[in-house]
Amino acid sequence: MASEIKQGTLELVNHLPILQVITPMLIAPLLVVLNNKTLSWLLSFLGTLACLFISILLIQGVSDGSILTYYLGGWVPPIGIEYRIDAANAILLFLISIISVIVLIFSYSSLHAEIPEEKHTLFYSCFLLCLTGLLGVVATADIFNVFVFLEISSLSTYVLVAQGAYLDRRALSASFNYLIMGTIGATFFVIGIGYIYMATGSLNMMDIAERASQLGDNRTIQAGFAFIVVGMGLKLAMVPLHIWLPNAYTFAPTVVTCFLAATATKVALYVLIRFVFSVFNYEDNFVNELFFLLLMPLAVIAMIAASVIAIFKQNLKKLLAYSSLAQIGYMLLGLSLMSQKGLASSLVHMVNHGFTKAALFMSLGAFMLNTKNVYIKSLRGLGKSMPFTSAAFVIGGLSLIGVPGTAGFISKWLLLEATLETGYWLVAILIIASSLFAVIYIWKIIEVLYFSECSESYSEVSVLTLIPIWILALFCVFLGINTSLTVDVANMATEILFK
Amino acid sequence: MKFNPFIFFEKASRLRALLFAFLILCFCLFVTDFFVRRYVYFEIESTYNFYSIYGFIMFSIIIFGSRLLRLLLGRPENFYAKKAVDSEDYPGTEEK
Amino acid sequence: MLATLPLPFYFLIGGLVSIFMPKGVFKSSFVCIVPVIALLVLLNGNWDEGFKVQFLDLELNFMRVDKLSTVFGIIFCIAAFLGNLFAFHLRESTQPFVALVYSGAAIGAVFAGDLITLFVYWELTAISSVFLIWARKTEGAYHSGMRYLIIQVLSGVVLLFGVALLYFETGSISFIKMELNSLATAFIFFAFGIKCAFPFLHNWLQDSYPSATVTGTVILSAFTTKLAVYALARGFPGTELLIYIGAAMTVFPIFFAEVENDLRKVLAYSLNNQLGFMVVGVGIGTELALNGTAAHAFSHILYKALLFMSVGAVLFRTGTSRASELGGLYRTMPLTATFCLIGAASISAFPLFSGFVSKSLIMSGAGKEHYQFIWLILVFASAGVLSHSGIKVPYFTFFHHDSGKRPNEAPIHMLLAMGLTAILCIYIGVFPNNLYAIMPFEVKYNPYTFEHILTQLQLLCFAILAFIILSKLRQLPSEIRSINLDFDWTYRMFLPFLIRKLLLFLEIVEQKGLKLFNKSFQLFLDKVYRVSGPEGVMTKILTSGTMVLFIAIVLLVVLGIILF
């Protein structure tokens with residue numbers, strides 16, 4: 001299965017896994033040195049474009065069910081660090097890369113409204129570091145390496161969130177809270193890694209899985225698992241540990257929110273999935289018990305409660321942030337069903353929701369360019385004066401609700417199918433109820449956009465701002481019609497994970 | 001003015017003639033039933049002039065029943081909301 | 001080839017194209033022509049293969065063309081054409097677009113060979129048609145449309161849930177005859193029931209149709225409910241429960257219609273009553289009865305559209321459709337009055353008019369299967385139809401006492417649309433065999449026997465006689481500006497009231513609870529504050545200390561679950 005890298009050959013294609021991660025990492029310091037606003041945008045854009053290109057190559061490489069591995073520095077695992085690309089992380093690499101490209105296009109025309117010009121270079125540099133971290137977390141098969149990249153992405157994220165302080169000082173306290181929470185999460189995560197290392201003496205995922213299965217019922221490993229779940233629970237904003245998320249999303253610059261909402265939480269969830277399936281044994285009692293007794297109820301609570309809260313929010317960024325919490329609930333629910341279909345729905349929803357939420361946040365950002373604030377009242381009558389942005393927002397909203405023909409429908413349908421297959425009727429009904437709540441809060445916005453009188457007249461935003469928004473909106477529709485990219489890859493990924 | 005058949009019957013005498021013609025029709029229908037043996041699905045249908053009587057009585061029941069209904073459920077037009085469709089005028093017509 | 005496209009796509013593409021056309025005669029003609037093209041494609045195309053599409057692991061069929069779906073496809077195309085012709089004067093972009101999408105969605109649903117496709121079009125009919133109500137652009141219409149949308153979308157959601165359950169149970173999503181014996185089919189049945197305006201689920205109909213625009217109501221009246229009838233005929237033929245539901249549907253709207261003031265609402269109630277006949281036909285489920293349902297839907301769409309058109313034309317000219325403000329319009333709108341009378345005669349099932357040849361199929365169906373009580377109710381309902389649609393609508397609009405209004409005759413395109421519809425009504429009534437020829441099953445039935453004509457005339461004439469006598473005795477319910485409570489009271493008054501009370505209650509509980517919470521945790525929180533520094537702008541609950549507390553609790557729980 002695994003196409004091993006031939007040592008000594010210099011074929012570029014064999015180095016794709018590392019190139020994926022290292023490209024943005026190398027560009028990031030370069031920007032600081034050059035210290036030119038436009039140039040740094042261009043370089044980061046080219047860098048992310050390269051990432052996207054690489055990720056597409058990688059998807060093609062794994063689309064036949066094979067696994068690409070790469071030994072860093074030629075050191076053979078378990079001693080060396082291994083990068084391991086299969087269908088599950090290839091799709092995430094693609095999501096992260098493409099979202100970063102789109103976000104960068106958007107930032108070209110909108111960043112000046114949110115961040116002072118002299119900080120732009122640093123911003124792009126941070127952005128690329130964050131991207132590096134996220135890509136690295138996904139690509140690597142070494143658990144300590146996961147932690148390192150997680151920290152890279154987290155630290156840069158704190159900085160990025162804090163940039164919102166230019167418009168609203170509350171971004172600082174939001175970022176600070178996020179920092180505390182994130183650091184605790186990372187600490188828990190590293191404690192978990194420590195426990196695992198203590199019990200197995202290895203850091204490579206495949207190796208650990210092998211050694212742990214020989215150890216049998218081991219308390220140390222189980223405790224390690226507990227810490228990792230809580231640590232990742234924090235990062236992915238599982239419900240009682242979600243408190244950092246609404247404020248961080250609300251007060252961060254829109255570009256950052258857009259990027260984080262589409263990628264960061266998904267990456268954390270991916271780590272959890274990877275640990276459950278590749279490091280631990282998903283058939284073990286303690287894993288199943290935890291998912292059934294705790295994570296599933298929490299996911300359902302998130303799904304319902306966050307949606308209800310979203311209905312009452314007047315601050316649109318906050319509204320979408322809470323809706324993100326609910327959507328994370330869907331993904332977590334899919335995972336906690338512990339079935340192939342459930343996991344597939346979870347993976348598909350990661351991608352679909354990534355595009356959907358990015359489209360929503362980005363069109364919201366476009367509104368903000370004109371209205372200068374995020375309250376629902378300020379959108380009055382914008383459906384007429386900003387028709388293209390509004391239409392994109394509506395498409396994103398429909399996808400969020402799960403209207404047929406949009407990406408959201410596909411993943412909700414899969415999830416519904418998975419819950420019914422497992423026999424959780426009540427959960428299926430709750431999924432539908434939660435979708436109805438989504439109808440309400442999206443409708444609330446559409447009503448203001450199209451059915452109330454315009455107080456001030458604005459002009460439509462520039463074409464350069466519209467292009468990324470519409471790319472995302474069209475993706476929402478495209479992924480709702482053509483499912484070969486999402487569903488087929490996810491099915492392949494689940495087969496590999498459930499091997 | 002073009003020919004308007006309805007105006008032709010505006011005259012009271014013509015209207016009365018029309019009414020009279022209708023009464024004769026009813027009478028004929030009533031009598032004809034006496035001579036016709038009908039194929040029936042149910043026993044009750046073969047009752048003499050079943051349809052005439054049933055139609056007459058049921059129509060009366062409908063009228064009185066609906067008056068009772070209005071007595072119980074009738075409400076002013078703006079019962080649900082001040083600006084409900086029930087009470088508003090159709091917007092933007094050419095003739096007021 | 002273009003001809004191989006599924007039928008609804010012609011409407012959807014046509015609708016999209018129409019948006020970009022300049023408003024004017026050309027655009028209006030285009031909108032009229034689209035359904036005609038679609039009809040030609042339907043009749044001349046070869047659809048044996050269907051139009052199959054792979055979606056996820058499901059095979060969808062967009063074009064399942066058999067006799068039953070063809071009947072509804074044909075009449076929907078005709079109705080779309082007539083409705084758009086009636087709306088020829090519109091110079092706007094929303095309504096023509098929406099009308100095309102809506103009719104296309106309904107046709108798509110009719111030809112859907114599987115339940116997923118059905119669901120998609122099912123929702124599309126809901127979402128598109130609501131704009132015909134909102135196009136009225138008043139506050140009342142907005143709220144009414146909102147209620148309509150919620151109920152219709154709910155029907156779709158229930159349908160989807162049923163489909164998902166069914167798929168899980170049987171592994172199949174094909175749209176075929178179902179048995180009402182599982183939760184899945186019950187959900188689907190309920191979803192159909194909402195759209196079909198079953199008793200207690202019917203209020204959206206009387207609420208929304210009178211709220212739409214003049215032209216919107218004509219379009220609305222044709223599709224949604226008949227789509228539901230089709231779905232029932234396809235999915236649940238011979239389900240006995242439907243007979244009783246249908247019988248109830250024929251009876252109760254009669255009384256409401258009789259005292260309702262808004263004539264378009266009268267027609268909406270009468271529509272409900274006519275649906276009852278079709279539902280009974282589906283419930284009986286014999287070939288004769290199903291033919292009756294299809295035939296009745298066919299002729300019903302035409303005469304109901306004709307009635308809505310004539311009242312719509314009056315509304316267009318006078319600005320009101322209230323019985324209390326109309327009367328005596330025969331003087332200046334004789335043609336509209338004539339067409340209205342033709343529609344009234346058709347719906348009342350006078351011989352030589354369309355209702356006569358279609359309704360009698362259902363009545364005979366009930367008779368042949370020995371449902372005596374049901375049959376009596378249907379005869380009663382026939383008299384009822386006469387009372388509100390046959391007499392009340394034309395009488396109070398065009399005759400009765402003079403309202404003093406002297407509006408112009410309806411515009412030429414409206415007259416044309418009404419004239420064509422009226423001709424079709426009479427044509428079907430005079431040559432029923434042409435209608436019978438396209439029915440799903442072979443029809444061996446002759447409506448024009450002497451005894452049938454005689455009994456029908458007896459029923460109708462003596463009902464009219466009763467009307468004349470009661471009218472002379474001044475016993476008819478007077479026309480006053482009022483409304484009547486129906487079941488919608490529960491969600492328009494009672495439920496909001498209940499929710500308001502509940503919210504009030506919750507607020508009190510919340511405040512009390514918060515106080516308690518604050519008191520007991522005050523000491524603890526104080527400590528946390530001192531640790532976490534200045535309060536800043538974050539609200540109390542959101543301090544980092546509290547978050548950390550949460551983390552600790554979750555960790556404990558997780559460890560507890562895993563280790564013990």
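Are C:D207 and C:R492 buried or exposed? Both are buried (buried is under 20% relative accessible area, exposed over 50%, partly exposed in between, with a 1.4 Å probe and protein chains only). Keep that pair in mind; the tour comes back to it.

Before you start clicking: this is a predicted model, where local features need pLDDT of at least 70, side-chain atom pairs count only at pLDDT 80 or more, and totals for chains, interfaces and linings use all residues. Residues are numbered from 1 along each chain as its sequence is written, chains are lettered from A and ligands numbered from 1 in the order in which they are written, and side-chain values use heavy atoms, with hydrogens and water left out.

**Stop 1: chain C on its own**

Select chain C. You should find 20 helices and three strands (DSSP runs, numbered from the N terminus: H or I of at least four residues for helices, E of at least two for strands). Its C-alpha atoms fill a box of roughly 95 × 60 × 55 Å along the principal axes. Of its 564 residues, 66% count as buried. Look at contacts (heavy atoms within 4.5 Å) between residues at least 6 apart in sequence: 81% of those in chain C join residues at least 24 apart.

Now colour by domain, with bounds from an automatic or database domain assignment. Domain 1 of chain C covers 237–477 and domain 2 covers 489–563. Their centres, taken over C-alpha atoms, are 60 Å apart.

**Stop 2: a serine inside chain C**

Zoom to C:S69, in helix 3 (residues 67–86) of chain C. With 0% relative accessibility, C:S69 counts as buried. Beyond its neighbours within four places in sequence, C:S69 is in contact with C:R64, C:V110, C:F111, C:Y230 and C:R234.

**Stop 3: back to the opening pair**

Show C:D207 and C:R492 as sticks. They form a salt bridge, with the closest N and O atoms 3.8 Å apart (a side-chain nitrogen of Lys or Arg within 4 Å of a carboxyl oxygen of Asp or Glu). C:D207 sits in helix 8 (residues 203–208) and C:R492 in helix 19 (residues 489–532) of chain C, 285 residues apart. Over all chains, a search of the whole structure finds 16 salt bridges.

**Stop 4: where chain C meets chain B**

Add chain B. Here 83 residues of chain C are in contact with 60 residues of chain B. The two chains bury about 6500 Å² between them, 68% of it on carbon and sulfur atoms (the accessible area, 1.4 Å probe, that two parts lose on being put together, summed over both). On the chain C side, C:F462, C:I483 and C:L485 lose the most area to chain B, together 11% of what that side buries.

Which salt bridge joins B:E77 to chain C? The partner is C:R322, and the closest N and O atoms are 2.9 Å apart. Follow the pair from C:R322, in the loop between helix 12 (287–318) and helix 13 (334–347) of chain C, across to B:E77, in the segment after strand 1 (74–75) of chain B. C:R322 counts as buried at 6% relative accessibility, and B:E77 does too at 9%. Overall, two salt bridges are found across this interface.

**Stop 5: where chain A meets chain C**

Swap chain B for chain A. This contact takes 48 residues from chain A and 34 from chain C. About 3900 Å² is buried between them, with carbon and sulfur atoms giving 85%. In chain A, select A:I243, A:W413 and A:L420: they lose the most area to chain C, together 16% of what that side buries. How many salt bridges cross between chain A and chain C? Zero.

**Stop 6: two places inside chain A**

Go to A:F355 in helix 13 (residues 340–371) of chain A. A:F355 is buried, at a relative accessible area of 0%. Among its contacts outside four places in sequence are A:L95, A:I98, A:F475 and A:L479.

Finish at A:K37 and A:E117, whose side chains meet in a salt bridge (3.4 Å, N to O). A:K37 is in helix 2 (residues 37–62) of chain A, while A:E117 lies in the loop between helix 3 (87–110) and helix 4 (120–139), 80 residues apart. A:K37 counts as partly exposed at 33% relative accessibility, and A:E117 likewise at 41%.
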